Amino acid sequence: MSRETVTTRYDRAFERLRQRGEGAFIPFLMLGDPDLATSARLLRAAVEGGADAIEVGIPFSDPIADGPTVQAAAVRALEAGVRPSDCIELLARFRAEAPEVPIGILTYANLVKHRDLAGFYASAAAAGVDSVLVADVPVKESDPYVAAARAVGVAPVLIAPLNASEATLQRLAERCDAYTYCVTRKGVTGADEQLRLGHGALFETLRRFGAPPAILGFGISKPEHVRDALAAGAFGVVSGSAVVQRVSANVGDPEAAARAVASFVREMKAATAR
Amino acid sequence: MQQSGRFGAFGGAYVPEILVPALEQLERAYLEARGDPSFAAEFDGLLTTYAGRPTPLTLCRNLTGDPRVKLYLKREDLLHGGAHKTNQALGQGLLARRMGKRRLIAETGAGQHGVATAMIGALLGMPTRIYMGAKDVERQRLNVFRMRLMGAEVVPVTSGSQTLKDALNEALRYWTESYEDTHYLIGTVAGPHPFPTIVRDFQWVIGREARAQILQAEGRLPDAVVACVGGGSNAMGIFSEFIPDKDVALVGVEPAGHGLSTDKHGATLLKGRPGVLHGSETYILQDEQGQVAETHSVSAGLDYPGVGPEHAHLMTSGRATYVAATDDEALDAFQRLSRSEGIIPAFESAHAIAHALKMVAEAAQAGREAVLVVNLSGRGDKDMEQAQRLLDPGRST
């Protein structure tokens, strides 16, 4: 597969960060958690806090890559009746308010496939989504997903764990655009007390194969994690469960949730200065 | 991986990337083991001396009421542990030990697979943890007790619908952090490649025995082989050997629960659509938004919204036919087999009996000769409490 050289919002955002000597901070929010109106407010809060990009989840009934915190957020959204099409509409409205912030979707194959791949990626592209990561599609199953994404100008993002073989990383580098999602550890999503980072060889292999910038996720919940990740060679970090915890702690008070999210993003973003 | 893991358009390995090396290791180990006579010798030996194979093929003496219509039962209910699950738990247990894994995890619905895994864990001296939906823990208290008696840790899963699919999610999650020293002993022909192939191959022994036994008993192949389908391992086990015999109808019976026109059923192939669940591209019961549906069956072992990908292929290619039996039909068959033959089937198997009885009635009415083989995948002991509640509510305590 050949990578097309289309300049995306990610490229522009990452270039600005490089010029400023900063790493990327990307918060994760579950769309529709706890309801669509609050979710719209939280997306704005993430931007107010200084997010360099935003990763959003489309809630799925069987999220095998997620730990209890993110799964609980999906359950809240599903219980509120939130549908994938509502999520895409929410993103389209948000895109109108925030024309430049890169937005990436993280979801599961069954939702992407459920009508047809082309239809899902086309609707994401029309809403102004920049990337899609399908958590249960590994590199070896990714070709149809990558092709459908690239056909409409959406960046396919793939996950590079520490145990991936060199052959897998090479195939990943050919198929992954915008950024490479590197995971800190084994297991599912969830906030950790301490990170264990030994990613030098992984980052080096990814660079050698020309993979897009490494963004580190899973367990990132404190400013010191951000500093450690950047020091270990990551270009940026994603923080999911820690953000979602701030939403779940403020269910029923959207403004308090927005303040908590904005202030967490601000605190984490401040740690991205190198 | 060396094999595509596809059955037509179905199958594959849809898992977080971190599990791919674990699946590749499993595939390598399996292909090596398959070519190693010492592995086959130990597996076959334990099937005979520990599990009690071969299981008999029993002709029903009273159930059909018509001497021209013969109904045979492949007696997996007589296997050690009380169900066909023992076959493949033994195979995977030996494979896990061969790979140097120290612990086993599994998920279970009715509890039969959990019991089988607990047995093999005890036999091989491997600590075993069983994930089970909290609702199923309640429905299948006897099996939970059995598992604990054999030293397994039973973990009730309270997320989602608290049934088999959620237990599977939880086991997969745990495996993503434990795969280095832990084997995930998936219980049916579902899940990511290579599980559907491995489980089918270890269950194939049912079909090999059944084919030889019916040839000996009748001097010919049966008109149809009938088996219940939840995930579909007992059905794949008996179907596989007959797939090349084009004149033998293969009939899978799904749980119709309260009826296929309601949303309380588990008829994945009949009412589902292609999708991706628990590592496989297969038929899935899902809503119009792509969310996986909660299912219903009187039988916890069939209460699953997915199905093995090879069944999806057998259906779409036309080689096998899939039908459904309701809770009531299964309960009726459960009682009829018990009364007429003195054999109490598992609720799962009662679904296959229920449909076979329809086929018997049709053949009898048409004055046709017929030979049917039903895979009696398990015995009903585990369902006694529930059966008593449903059939004799006045006397239950």
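## Exercises: two annotated residues and a chain–chain interface

**Exercise 1.** Place A:D66 in the fold, then decide whether A:D66 is buried or exposed.

*Solution.* Start with the backbone: A:D66 sits in the loop of chain A that runs between β2 and α3 (68-79). We're working with a predicted model here. Next, check accessibility: the value for A:D66 is 6%, and the cut-off for buried is under 20%. So A:D66 counts as buried.

**Exercise 2.** List what A:D66 touches, leaving out residues up to four places away in sequence, and pick out a polar contact of its side chain.

*Solution.* Within chain A, the neighbours of A:D66 are A:Q71, A:Y108, A:V188 and A:T189. Chain B joins in too, with B:R173 touching A:D66. For the polar contact, look at A:T189: its side chain pairs with the side chain of A:D66 at 3.1 Å.

**Exercise 3.** Find which residues the UniProt annotation "active site" covers, and work out the setting of the one in strand β2.

*Solution.* The unreviewed UniProt entry puts "active site" on A:E55 and A:D66. Of these, A:E55 belongs to strand β2 (residues 54-57) of chain A. Its relative accessibility is 2%, so A:E55 counts as buried. Now go through its contacts, again skipping residues up to four places away in sequence: they include A:I26, A:P27, A:F28 and A:L29, along with A:Y179, A:Y181 and A:V238.

**Exercise 4.** Size up the contact between chain B and chain A, and say which residues of chain B lose the most area.

*Solution.* Count residues to begin with: chain B gives 33 and chain A gives 35. Then take the area: the two chains bury about 3000 Å² between them, with 50% of that on carbon and sulfur atoms. On the chain B side, the biggest losses fall on B:E17, B:R173 and B:Q289, which together make up 25% of what that side buries. Note that B:R173 is also the chain B residue touching A:D66.

**Exercise 5.** Describe the polar side of this interface and the elements of chain B behind it.

*Solution.* The rule finds 22 residue pairs in polar contact across the interface (both at pLDDT 80 or more). It also finds four salt bridges, one of them between the side chains of B:E281 and A:K113 at 2.8 Å, N to O. As for elements, those giving two or more residues to the chain B side are α1 (20-34), α7 (164-178), β11 (273-277) and β12 (280-284). The largest share, six residues, comes from α7(B). Sorted by class, that side has 14 nonpolar, 10 polar and nine charged residues.

Technical notes
Residues are numbered from 1 along each chain as its sequence is written. Chains are lettered from A and ligands numbered from 1 in the order in which they are written. This is a predicted model: local features need pLDDT of at least 70, side-chain atom pairs count only at pLDDT 80 or more; totals for chains, interfaces and linings use all residues. Side-chain values use heavy atoms; hydrogens and water are left out. UniProt positions are given in the numbering used here, feature names are shortened, and annotations may be inferred rather than shown by experiment. Helices (H or I, at least four residues) and strands (E, at least two) are DSSP runs, numbered from the N terminus. Buried means under 20% relative accessible area, exposed over 50%, partly exposed in between (1.4 Å probe, protein chains only). Contact means heavy atoms within 4.5 Å. A polar contact is a pair of N or O atoms within 3.5 Å; within protein, one must be able to donate a hydrogen and the other to accept it, and residues adjacent in sequence count only if both atoms are side-chain atoms. Buried area is the accessible area (1.4 Å probe) that two parts lose on being put together, summed over both. Ala, Val, Leu, Ile, Met, Phe, Trp, Tyr, Cys and Pro count as nonpolar, Asp, Glu, Lys and Arg as charged, and the others, Gly among them, as polar.
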